[in-house]
Amino acid sequence: MSTVQSVLGPVDTAELGTTLMHEHVFTLTADSQAQWSDEWDEQTRVADAVQKLTELRATGVTTIVDPTVDGLGRDVPRVLRINQQVPDLTILVATGIYTYADVPGFFAHRGPGALEGLPEPMVDLFVRDIEQGVQGTDVRAAFLKCAIDHHGLTGGVERVMRAVAQAHQRTGVPVMVHTHPGTRTALEVQRVLGEEGVAPAAVLLAHCGDSTDVDHLAELADAGFLLGMDRFGVDTILDFDSRVATVVAMCERGYAERMVLAQDAACYIDWVQPDIMPLLPNWTYLHVQRDVVPALLERGVTREQVDTMLVANPRRFFER
Ligand SMILES: [Zn+2]
């Protein structure tokens with residue numbers, strides 16, 4: 001038996017079941033939220049999250065993987081309070097740092113940011129989250145998260161990525177990297193994590209599904225990475241038909257074992273003006289089960305391939 005740490009304690013990976021590999025409970029800009037926002041009411045938002053996650057669980061999804069880390073307003077005590085009210089949903093949380101450019105100010109003049117040659121303090125902090133618990137709770141992070149967007153491999157992005165790799169080497173938990181397929185930043189991930197000795201099979205390249213470049217995706221899959229077709233519903237970046245067609249084409253080429261599905265949705269995200277959200281009607285927790293899976297089946301993807309993407313691949317990722 002192989003176990004993975006969830007918000008509510010260790011879970012047999014065989015019990016993860018139907019898993020959405022990239023959903024946030026909340027995506028918040030913690031500092032700005034505290035300064036400017038009148039949109040947050042704790043009780044209302046928590047009750048709304050309990051309702052939305054209960055609806056999601058009712059569709060047959062048993063696990064969500066939440067890559068909310070420093071830079072996205074991670075609040076694991078709050079996620080714990082919510083999960084306790086939806087106890088039959090498994091939530092896996094992450095440690096790491098989400099930045100496209102600089103390290104957070106907190107780390108700017110610590111470790112190698114202060115003096116070249118000093119050890120990287122992020123590594124011990126990530127390991128503490130994985131081995132002991134996050135933010136004073138007993139909840140342990142199940143995976144590591146970092147990001148590289150169209151800005152490329154800035155100094156800050158590289159510092160975080162190498163710290164994530166080193167925490168992976170010490171703990172064995174897998175790594176999720178936010179990538180920008182339009183500028184092929186996954187190739188930088190391949191190089192840097194390769195230099196740090198991280199096996200591609202332990203790495204999920206998030207947001208591959210924003211691309212229709214099947215040759216590029218096949219190249220990443222051939223290298224051994226798991227690909228996140230994980231923004232169904234973000235129709236402003238890529239429309240539904242194109243996202244579906246890309247997964248279909250990849251399945252036809254034999255890559256079902258290298259893809260996972262998700263929406264990158266949240267109960268509430270403060271990055272988007274609330275009155276714009278109606279322009280994204282499919283960007284909810286329910287889109288994959290309600291619309292995506294039927295469309296894949298209709299276009300020739302088999303039920304077995306769908307299960308591979310929703311059940312077997314997530315399980316294998318967390319069994320490492
Ligand atoms: Zn995300």
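These exercises work through a predicted model of a zinc-bound protein.

**Exercise 1. Find which residues coordinate the zinc ion, and how they are spaced in sequence.**

Step 1. Look for the donor atoms. His-22 and His-24 each give NE2, and Asp-264 gives OD. The distances run from 2.1 to 2.2 Å.

Step 2. Write the spacing. The donors follow the pattern H-x1-H-x239-D.

Step 3. Place the ends of that pattern. His-22 sits in the loop between β3 (19-20) and β4 (26-27). Asp-264 sits in the loop between β11 (259-261) and β12 (268-269). The two are 242 residues apart, so this pair links distant parts of the chain.

**Exercise 2. Decide whether His-22 is buried or exposed, and list what surrounds the residue.**

Step 1. Take the relative accessible area of His-22, which is 2%. Buried means under 20%. Therefore His-22 is buried. Asp-264 is buried too.

Step 2. Check side-chain partners. The side chain of His-22 makes a polar contact with that of His-24, at 3.3 Å.

Step 3. Look further along the chain, leaving out residues up to four places away in sequence. His-22 touches several residues, including Val-65, Lys-145, Met-176, His-207, Asp-230 and Asp-264.

**Exercise 3. Judge how compact the whole protein is for 320 residues.**

Step 1. Count the elements: eleven helices and twelve strands.

Step 2. Compare radii. The radius of gyration is 18 Å, close to the 20 Å from the globule rule, so the protein is as compact as a globular protein of that length.

Step 3. Add burial and contacts. Buried residues make up 56% of the 320. Among contacts between residues at least 6 apart in sequence, 77% join residues at least 24 apart.

Note on methods. Residues numbered from 1 in each chain as written. Predicted model: local features only at pLDDT ≥ 70, side-chain atom pairs only at ≥ 80, totals over all residues. Heavy atoms only, no water. Donors = N, O, S within 2.8 Å, 3.2 Å for Na, K, Ca; no water. Helix = DSSP H or I, 4+ residues; strand = E, 2+ residues; numbered from the N terminus. Buried < 20%, exposed > 50% of the residue type's maximum accessible area, 1.4 Å probe, protein only. Polar contact = N/O pair within 3.5 Å; in protein donor to acceptor, adjacent residues only side chain to side chain. Contact = heavy atoms within 4.5 Å. Rg over C-alpha atoms; globule rule 2.2 N^0.38 Å.
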